[in-house]
Amino acid sequence: MEWNVLYTCKKKQQLQASIIRSENPLFTRVSVNNIVAFISSYELVTGCTSTKQESKRDKSKPFCNIYCCDIVSPWNVFLVTRKTMPITILEWDPTGEHLLIGDTQGRLELWGKTNHILSDWHQLHYVNLPGETIIQAEFFQSGRAMTIAFDKRDNNQYMEKFQNIKYMPSVRKFGGIAENGCLVVTSTGLLGAFLIPYNNGTNQTTTAPTELLPVTETLGLVRNFVTTAAISYAKVPSRSGYFRVAVTNTEMKTDFMVHCFRVEVTMVNNKLSITSKSLPAFFGTESSDQRKITNLKWMITNDCDSLIVTENLPSTCVTNMWTLTHKPITIHKFLQTAAKTDVFKHYSWTNQFQYESQANVVALTSTKNPFDSVFVYLLMSDNTIHILRRDFKLVSTINYSTIENTFKMEPLSKMPRVDRQLAALEITFMSHLLVAVDNLGDLCAIKIPQFYTEQCSSPIQLVNYKTTLLEYCLVTGIDASDVLMTMKPNYIENVLEKLSDNFSRQNSSTQQFYYVNSLTMKTNLARLLPNGQTRVNDLTSLIMLHSILVAFKSLLRPSELTNYEKGPSESLAMVLSESNPDIDKVLMNLDAKDFTLEASVLPSLQQLIQWVSDLALNILTRLPVDTFKTANINKSTDYDICKDIVALNSIRELLVMIRYWGLLEKNCLPVFTKSAENIDILVTLFRLLTKLSFNPSEPDEVLLDECCSLPTQVVIPPTVTNCMNTPSLTLHVHPQQFQYNIEPDFLRYSRLNVMEDNNNDVFMDAISHFVMGRNPQSMKHCLRCGTSTYMKNLAKTVAMNAWEHRWSSSCICGGQWTLLKN
């Protein structure tokens with residue numbers, strides 16, 4: 001089985017000579033947004049420690065630094081917080097927006113991004129359990145989940161292919177709405193639960209963190225010392241779900257028992273209540289006094305019947321899978337009732353599978369979304385990773401030491417001797433990448449062998465499988481970067497075509513709901529192609545065009561509420577369906593009151609109106625060139641916005657609204673540099689676009705001649721293309737080696753290649769579409785596509801405030817925002 005290491009990200013070479021010996025546990029976690037959070041004893045970000053903090057620091061006790069980075073750009077690493085106490089808990093919430101951190105002093109902290117900036121974090125809430133060591137935590141489940149029905153994976157309909165899993169939330173409040181909270185287990189056998197208040201996302205650094213009061217309860221009848229725990233969530237369709245908690249004590253040499261409990265968290269009089277019930281326990285399989293149970297993990301977070309237990313011995317390590325089964329036992333006939341035969345349900349643990357290895361298990365993880373099969377990934381003490389099937393049969397292994405040797409270009413005598421040891425392992429939500437962190441804080445991304453793809457007998461089955469995974473991410477909102485990073489360029493075109501074909505077969509309501517998600521997925525796919533720059537530009541323009549159209553239509557209000565089925569937008573679409581090329585005659589057939597807005601709102605929309613007009617000019621100008629390429633070269637399957645009838649009609653609708661709003665307020669009209677004052681550019685644009693909408697694939701010669709003469713009538717504005725990552729990460733030879741805080745030049749297009757403007761030092765706001773100048777202050781940019789925009793909200797009207805808020809949480813491509821350094 002072939003393994004592929006995508007990249008490794010390291011510190012500078014000179015920092016590796018000073019080794020900090022730390023016995024603190026290291027963790028790494030990957031959110032649903034493919035943001036990696038990990039712990040390191042080293043300072044990966046320079047300048048993050050003040051002189052006052054450095055003077056108070058105890059050199060014998062190294063800091064626990066919590067960092068985060070995007071899995072697509074791991075060199076951009078950001079500090080979340082720094083702790084002097086060892087960290088024992090590092091968990092993402094189900095939305096991937098907040099990070100839970102727990103330490104050995106019984107303090108839990110919930111951190112969130114400030115204004116959705118990945119490089120700026122602040123503490124939201126904290127919980128204190130004095131004298132306790134937090135060893136495990138699990139967020140409440142919302143009761144909303146979706147899975148792929150692989151028996152219907154060939155079905156084109158989303159609602160048939162993806163099925164909702166019916167189960168109740170962990171904790172419900174009035175009306176059956178899911179509560180947001182967390183359940184924790186401490187080292188003294190104490191259970192704690194607390195509610196997390198709703199956060200609207202407008203995090204401000206001036207707001208002090210609030211303390212949350214937890215509810216506690218003993219795990220068993222008496223409190224015992226616990227060192228390892230695992231929490232699983234049970235799916236119950238009829239009532240509130242419950243948790244199953246498995247604990248053990250690895251310090252005692254006489255008790256090798258794994259205890260299991262059923263824990264229910266309920267709301268009683270608007271307060272949390274915890275109930276714990278003991279379940280059958282079991283002993284380990286080995287009888288040696290020198291054994292030690294090191295890891296407990298449920299096979300799947302929502303599978304409370306299969307538990308993985310690792311036992312380390314002096315010469316070997318044994319990994320077992322225990323299953324909790326229900327065995328019916330018939331009651332003796334003398335104790336039965338006369339009416340029916342009573343059956344008693346008995347719970348018992350069964351050791352189903354076992355795997356032995358020479359090296360000890362350091363960390364383990366398993367498949368998070370078991371679409372077709374479940375695999376277990378073991379990180380061993382000899383720097384190897386083992387893949388096991390559900391029946392614990394070894395599938396494949398990889399040695400991390402061989403990866404390190406590929407980067408050693410200098411002689412061994414000149415390199416400092418460093419003992420590298422992988423310390424943490426985590427899998428992405430789509431189970432396509434493994435993220436590992438070693439004791440030096442270096443990050444490694446490993447492509448997991450996809451066993452289903454090797455079973456595909458034809459390329460069509462492989463394309464269908466990848467398309468199904470991308471559609472699942474499209475519907476659920478899970479980030480698909482790990483799937484995209486592992487795709488090969490030879491079938492990306494087929495996946496794009498299949499994705500578009502399946503989306504066109506959905507009903508109108510489904511298409512309308514997932515339209516922007518579908519365009520974003522196509523844009524990210526086209527970004528992987530070596531010649532996909534033009535297609536990415538067109539798809540990004542289509543996303544922006546659709547968003548502007550929706551924003552403008554939301555400002556319209558009908559003058560009369562007599563007809564609820566026909567609003568201003570429906571009336572406009574009906575009038576435009578007549579294909580009248582005269583924009584003034586179209587205005588005469590509309591009710592002017594339906595399109596009337598306040599005069600104070602219209603000037604704030606001028607930048608968006610200008611962008612729409614510039615886009616229309618560029619489409620018509622490039623139409624003759626695109627038509628010539630299509631006719632004389634090979635007919636390409638690339639997306640071309642000039643041939644998209646939906647995009648053309650959207651521009652026509654916007655031009656009609658712009659024409660009418662210009663009669664109310666001239667300051668909102670677009671600005672053109674014309675050769676003659678008597679030329680009305682809006683009238684010309686609408687007339688040419690209407691002719692083009694008749695037959696976009698084969699425009700007539702008269703229309704092409706008019707488009708060729710258009711640059712003589714008006715100055716065509718330059719096309720400003722956003723910077724975007726190149727597909728080098730997938731096309732170059734793997735593995736790639738990066739350094740923290742140093743962006744590789746070969747992974748992004750230079751601004752000279754993507755900006756068709758002589759003044760390349762001028763920044764353009766890609767959201768509000770105004771010029772920010774040569775040296776703008778407080779600017780943020782996307783980590784994936786390089787889109788730049790102002791950090792501060794400069795909107796002065798409600799309409800523009802809603803527009804900027806639309807892109808506040810993430811970029812157009814779905815990437816995370818970060819502050820742009822000058």
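**Exercise 1. Classify Lys161: buried or exposed?**

Solution.
- Take the relative accessibility of Lys161 in this predicted model: the value is 1%.
- Apply the cut-off: buried means under 20%.
- Lys161 therefore counts as buried.

**Exercise 2. Which residue forms a salt bridge with Lys161, and where do the two partners lie?**

Solution.
- The partner is Glu471, with the closest N and O atoms 2.7 Å apart.
- That passes the test, which asks for a side-chain nitrogen within 4 Å of a carboxyl oxygen.
- Now place the pair. Lys161 is in helix H2 (residues 158-161), and Glu471 is in helix H5 (residues 459-476).
- They are 310 residues apart, so this contact links distant parts of the chain.
- Check the burial of the acid: Glu471 has a relative accessible area of 0%, so Glu471 is buried.
- For context, the whole structure holds 23 salt bridges.

**Exercise 3. Does the span of helix H10 agree with what its residues should give? Work out what is expected and what is found.**

Solution.
- H10 covers residues 533-554, which is 22 residues.
- The expected span is 1.5 Å times one less than the number of residues, which gives 32 Å.
- The end C-alpha atoms of H10 are 32 Å apart, so the two values agree.
- Next, burial: 16 of the 22 residues are buried, so H10 is largely enclosed by the rest of the structure.

**Exercise 4. Which residue forms a salt bridge with Lys553, and which helices does the pair tie together?**

Solution.
- Glu653 is the partner, and the closest N and O atoms are 2.9 Å apart.
- Glu653 lies in helix H14 (residues 645-664) and Lys553 in helix H10, so the pair ties together parts 100 residues apart in sequence.
- Compare exposure. Glu653 has a relative accessible area of 10% and is buried. Lys553, at 26%, is partly exposed.

**Exercise 5. Describe the salt bridge between Lys691 and Glu706.**

Solution.
- The side chains meet at 3.3 Å, N to O.
- Lys691 belongs to helix H15 (residues 681-694) and Glu706 to helix H16 (residues 701-708), so parts 15 residues apart in sequence are tied together.
- Lys691 is partly exposed, at 30% relative accessible area.

**Exercise 6. How are strands E4 and E5 joined, and how many residues of E5 are buried?**

Solution.
- E4 (residues 64-70) and E5 run antiparallel, joined by six bridges.
- One bridge pairs Cys64 with Lys83 in E5.
- Six residues separate the strands, which form a hairpin.
- E5 (residues 77-83) is mostly covered, with six of its seven residues buried.

Key. Residues are numbered from 1 along each chain as its sequence is written. This is a predicted model: local features need pLDDT of at least 70, side-chain atom pairs count only at pLDDT 80 or more; totals for chains, interfaces and linings use all residues. Side-chain values use heavy atoms; hydrogens and water are left out. Helices (H or I, at least four residues) and strands (E, at least two) are DSSP runs, numbered from the N terminus. Buried means under 20% relative accessible area, exposed over 50%, partly exposed in between (1.4 Å probe, protein chains only). Two strands pair if DSSP finds at least two bridges between them.
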